[in-house]
Amino acid sequence: MNAYEYLQALRAALAVLPDDEIDSAMRYYEDYFLDAGDENAEKVIKQLGPPEQVAEAILRDYTGVARRRPERFEEEKAQTVNGVPLGRDGKPLTRKKGINPWMLACIVLLALIFGPVAVAVIGAIIVAVVGLVIGIAACVVAVPAATLIGGGALVLFSFLLWATPASALATLGAGLAVGAVGLLLVLLVIKLCILFVPPIIRGLVALIRWPIEKIRNCLKRGA
């Protein structure tokens, strides 16, 4: 009998085991033969004994493990009282109860009474904040725009004064200067919008979502 025949006989003798157990056992003995080499296969076979004897030892070990599993289940089962699991302190774990139905009814009643008022107040606050933001934005945008337009108007007006070159050049210089200031203000407004507009929008969204989240959490606790 060579190593291949020995391993095949061992696998056949272990056929009653699950496939994963067979594969695990076979990997061990296959590696055993590979480490010994083909020239020492006969010595390994004599050392191990008949494949049926090896299979019997493996089956005996597996049966001992299978017999110990119900004992472990009984230990786990003993950690419960009337089907209720025990905590680390040995006391039964109780499920947390939801909100009291009477309290839930009071919350719903108060929401029906004061809900429209709260919605109106929150809506007024949102409208006021949005109006304030729009007013500030209009002022901030209007000043750079007016400055830039005024500079362009002075530049155009300077072309009408070429009869008096000195006045024309002075008006042109003033127009260019005012236009440059207006352009800088426009760039500054764009930068401020990038910095402050997104946080303001996020704040408004959070303000709108806050009462909705409160109501939703109350309903979840009531469920």
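**Note on a predicted helical and strand model**

From the N terminus on, the elements of the protein follow the order α-α-α-α-β-β-α-α.

1. **Make-up.** This is a predicted model. The protein has six helices and two strands. Buried residues make up 16% of its 223 residues. Among contacts with a separation of 6 or more, 55% join residues that are 24 or more positions apart.

2. **Confidence.** The mean pLDDT of the protein is 75. A value of 70 or more is reached by 79% of the residues. One stretch to flag is residues 65-86, where pLDDT stays under 50. For that stretch the model has 13 contacts beyond four places in sequence.

3. **α1 against α2: geometry.** Helix α1 covers residues 3-13 and helix α2 covers residues 19-36. Their axes come within 11 Å. The crossing angle is roughly 160°. Angles over 145 degrees count as roughly antiparallel, so α1 is roughly antiparallel to α2. The crossing of these two helices is right-handed.

4. **α1 against α2: residues.** On the α1 side, the contact is made by A3, Y6, L7, L10 and R11. On the α2 side, I22, D23, M26, Y29, E30 and F33 take part. By class, this contact of α1 with α2 has eight nonpolar and three charged residues, and no polar ones.

5. **α2 against α3: geometry.** Helix α3 spans residues 41-48. α2 and α3 pack with their axes 9 Å apart. The angle is about 135°. How are α2 and α3 oriented to each other? They are oblique, because the angle falls in none of the parallel, antiparallel or perpendicular ranges. The crossing of α2 and α3 is right-handed.

6. **α2 against α3: residues.** α2 contributes Y29, Y32, F33 and A36 to the contact. α3 contributes A41, V44, I45, Q47 and L48. The residues of this contact divide into eight nonpolar, one polar and no charged. Y29 and F33 of α2 are named in the contact with α1 and also in the contact with α3.

7. **S158.** S158 sits in helix α5, which runs over residues 101-158. Is S158 buried or exposed? S158 has a relative accessible area of 0%, so it counts as buried. Leaving aside neighbours within four places in sequence, S158 is in contact with A168, T171 and L172.

8. **T171.** T171 lies in helix α6. That helix covers residues 165-222. T171 has 14% relative accessibility. The cut-off for buried is under 20%, so T171 counts as buried. Which residues does T171 touch, not counting those up to four places away in sequence? They are L154, F157, S158 and L161. The pair of S158 in α5 and T171 in α6 thus appears in the contacts of S158 and in those of T171.

9. **L184.** L184 is also found in helix α6. Its relative accessibility is 58%. Exposed means over 50%, so L184 counts as exposed. L184 and L148 are 36 residues apart in sequence. In space, their C-alpha atoms are 9.1 Å apart.

10. **Points to keep in view.** Residues 65-86 have pLDDT under 50. Within helix α6, T171 is buried, whereas L184 is exposed. α1 and α2 are roughly antiparallel, whereas α2 and α3 are oblique.

Key:
Residues are numbered from 1 along each chain as its sequence is written. This is a predicted model: local features need pLDDT of at least 70, side-chain atom pairs count only at pLDDT 80 or more; totals for chains, interfaces and linings use all residues. Side-chain values use heavy atoms; hydrogens and water are left out. Helices (H or I, at least four residues) and strands (E, at least two) are DSSP runs, numbered from the N terminus. Buried means under 20% relative accessible area, exposed over 50%, partly exposed in between (1.4 Å probe, protein chains only). pLDDT is the predictor's confidence in each residue, from 0 to 100. Contact means heavy atoms within 4.5 Å. Axes are lines fitted to C-alpha atoms, for helices over the stretch in contact, and angles run from 0 to 180 degrees between N-to-C directions. Angles under 35 degrees count as roughly parallel, over 145 as roughly antiparallel, 65 to 115 as roughly perpendicular and the rest as oblique. A crossing is left-handed if the near helix is turned anticlockwise from the far one by less than a right angle, and right-handed if clockwise. Ala, Val, Leu, Ile, Met, Phe, Trp, Tyr, Cys and Pro count as nonpolar, Asp, Glu, Lys and Arg as charged, and the others, Gly among them, as polar.
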